[in-house]
Amino acid sequence: MEIKEQVIQGIRDALQTAIDTGKLPEGSYPEVALEVPPQKEFGDFATNIAMQSARVAHRSPRDIATILVETLQGSWLEKAEIAGAGFINLFLRKQVLFTSLADILAAGETYGTAPLRPEDTVQVEFVSANPTGPLHVGHGRGAAYGSSLVNLLRAAGYQVEAEYYINDAGNQMDNLAASVNARYFELLGLPAEIPENGYHGQDIVETAKAILEQDGDRYVHMPEAERLAAFKERAYEEKLKALKRDLEAFHVYYDRWFSERTLHPQAIQAACDVLRKRGTVYDKDGAVWLRSTEYGDDKDRVVIRENGVPTYFAADIAYHKDKYERGFKALINIWGADHHGYVARVKAAMSALGYDTKRLEVLLLQMVSLFRDGKPVKMSKRTGQAITLNELIEEVGVDAARYFFIMRSLDTQLDFDLDLATSHSNENPVYYIQYAHARIFSIYRQAQEAGIEIPQAGDDITWDTLQQDIELELIKKMSVFPEEVQRAAIAREPHRIAHYAYELAGLFHAFYNHCRIIQEDRALAVARLALVTAVRITIANSLAMLGISAPRKM
């Protein structure tokens with residue numbers, strides 16, 4: 001049991017003992033809450049349970065606190081003090097902290113993770129950019145956040161499936177084919193014009209060049225419809241392959257790639273049939289409309305156009321119906337902030353189908369702005385187009401890009417400082433964390449040179465040689481890591497782990513500067529080596545959840 005859980009359980013037991021012995025009346029008492037006091041002289045934890053219980057017990061908070069302190073027991077407790085109107089300050093025995101330290105060594109790579117709960121199923125769908133060109137910086141934030149959330153949920157014990165929804169049907173694919181067609185004709189010196197809604201990136205030119213190099217001009221005399229169909233498939237396969245390659249290079253992996261094409265026409269028709277049977281669609285002006293205003297949307301929406309062609313919304317309805325039918329307890333969509341108006345209509349459609357919309361969470365990512373020399377950077381010097389994710393990675397690296405994308409809450413706009421991300425200084429947070437991890441391996445090398453073996457789990461370590469305040473603060477910080485993982489997972493906030501790792505690295509650097517590790521007192525040296533090993537494990541595990549490497553050298 002984690003330290004905090006032991007303390008909470010101890011207070012619960014004291015409360016129940018006070019009730020059983022008649023010192024407090026029976027009743028519905030509140031849950032025990034703990035907080036870490038701002039100053040260490042107020043203890044390791046504090047609780048306001050006495051103040052929260054005053055109405056139930058019909059006693060003053062100080063009276064209740066006095067009863068609880070007299071009743072409180074546990075191997076974890078050094079002492080308890082009453083403060084103010086009825087706060088209880090709790091001081092832990094150091095041995096409890098040392099036990100926590102030994103547990104970290106024993107858990108190793110699994111420290112901070114919870115056992116798998118197969119029944120707690122979650123599907124996370126993220127990025128899902130059109131397969132019409134390279135990923136841009138905005139997609140990068142969604143990729144980093146989404147993949148970190150998947151890792152975090154898995155660490156917290158959830159059964160998670162990561163999914164990419166491929167928008168491979170509709171006008172954007174036709175425009176992709178027409179754009180490649182125009183570039184193909186241009187390369188042959190023939191008249192051509194890119195459509196108004198076409199794609200102008202250099203990648204389109206490269207696709208056309210590849211077709212020309214492989215097949216020459218054989219498509220020129222082909223019927224246009226046949227040529228466009230061939231170019232669409234060729235470009236689609238190439239763009240999808242590039243998407244997968246670029247995402248994997250960014251440490252983003254999916255369990256399933258779901259093609260929108262598979263929804264046409266059967267799945268869309270099936271969804272419309274269900275809506276029709278439930279009386280939630282109607283015909284107007286030759287089109288089929290969803291009664292979405294009855295489910296919280298601001299207006300009714302067209303599902304099937306008057307020409308019989310489904311809208312993009314119709315495909316989304318069918319797709320989400322498919323996701324619900326797969327039986328996940330929770331569905332998480334990560335969309336860009338520009339989709340905020342789309343949330344109500346999708347939830348309205350799910351309500352119209354009879355599904356519980358509480359199972360569907362839509363998380364909106366705010367915009368990313370790049371800065372260099374304190375000035376906004378909007379265009380790539382190389383292409384004159386929007387900066388791609390690959391170009392960002394080339395400049396700052398995968399680890400820095402991921403950390404900077406993750407370190408802010410998704411609902412806040414992110415100002416990405418390119419100069420800071422590339423600096424090798426303590427001001428760069430990811431460098432600061434990774435340097436702490438690498439520094440520990442440097443300590444290992446010094447220990448080996450001094451003939452001191454690196455302690456392992458189960459070794460007989462003289463823990464009580466660790467008496468410095470900074471040593472105990474390090475242990476306390478590491479002991480809350482499993483709880484921090486759970487809280488971050490429940491709140492869908494990977495940035496909490498980014499901040500945690502940074503704070504832990506800061507404590508480690510302070511410890512390193514204050515305490516000599518390799519020294520003549522072998523018992524103390526071994527205990528401190530065990531302490532830094534626990535730090536290494538915790539930093540590595542937190543970085544792994546963020547999809548960031550933990551280097552041995554810097």
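Let's start with one residue: Asp-415 is partly exposed, at 48% relative accessible area. On the terms: buried is under 20% relative accessible area, exposed is over 50%, and partly exposed is in between, with a 1.4 Å probe and protein chains only. The areas themselves come from the Shrake-Rupley method, where only the protein chains shown count as cover for residues.

A word on the source. This is a predicted model, so local features need pLDDT of at least 70, side-chain atom pairs count only at pLDDT 80 or more, and totals for chains, interfaces and linings use all residues. Residues are numbered from 1 along each chain as its sequence is written, and side-chain values use heavy atoms, with hydrogens and water left out.

Back to Asp-415. Its place is in strand β15, residues 414–417. Helices here are DSSP runs of H or I with at least four residues, strands are runs of E with at least two, and both are numbered from the N terminus.

Which residues form a negative surface patch with Asp-415? They are Asp-373, Asp-417 and Asp-419. Patch members have over 30% relative accessible area and no salt bridge, and like charges are joined within 9 Å. Asp and Glu count as negative, Lys and Arg as positive, while His and the chain ends are not counted. For Asp, the charge is placed at CG; for Glu, at CD; for Lys, at NZ; for Arg, at CZ.

Take Asp-419 from that patch. Asp-419 sits in helix α15, residues 418–422. Asp-419 is partly exposed, at 33%. Its C-alpha atom is 8.7 Å from that of Val-396, and the two residues are 23 apart along the chain.

Now the whole chain. There are 20 helices and 15 strands. The C-alpha trace spans about 90 × 65 × 40 Å along its principal axes. Of the 554 residues, 51% are buried.

Next, salt bridges. Side chains of opposite charge can pair when their charged atoms come close. The rule here is a side-chain nitrogen of Lys or Arg within 4 Å of a carboxyl oxygen of Asp or Glu. How many salt bridges does this rule give? The count is 32.

First pair: Glu-483 and Lys-4, at 2.9 Å from N to O. Glu-483 is in helix α18 (residues 481–491) and Lys-4 in helix α1 (residues 3–20), so this pair links distant parts of the chain, 479 residues apart. Glu-483 is buried at 18%. Lys-4 is buried too, at 15%.

Second pair: Arg-326 and Glu-163, with the closest N and O atoms 2.7 Å apart. Arg-326 lies in the loop between α11 (312–325) and β11 (330–336), and Glu-163 in strand β6 (residues 158–166), so the pair ties together parts 163 residues apart in sequence. Is Glu-163 buried or exposed? Glu-163 is buried, at 0%. Arg-326 is partly exposed, at 25%.

Third pair: Arg-301 and Asp-298, at 2.7 Å from N to O. Arg-301 is buried at 11%, whereas Asp-298 is exposed at 63%. Separately, salt bridges with shared partners join Glu-161, Glu-163, Asp-322 and Arg-326 into one network.

Last, the annotation. In an unreviewed entry, UniProt lists residues 433–554 as "domain: DALR anticodon binding". UniProt positions follow the numbering used here, feature names are shortened, and annotations may be inferred rather than shown by experiment. Over residues 433–554, the chain is 68% helix and 0% strand. The end C-alpha atoms of that stretch are 11 Å apart.

Terms used:
Patches are made of residues with over 30% relative accessible area and no salt bridge: like charges are joined within 9 Å, nonpolar side chains (Val, Leu, Ile, Met, Phe, Trp, Tyr) within 5 Å. Accessible areas come from the Shrake-Rupley method with a 1.4 Å probe; for residues, only the protein chains shown count as cover.
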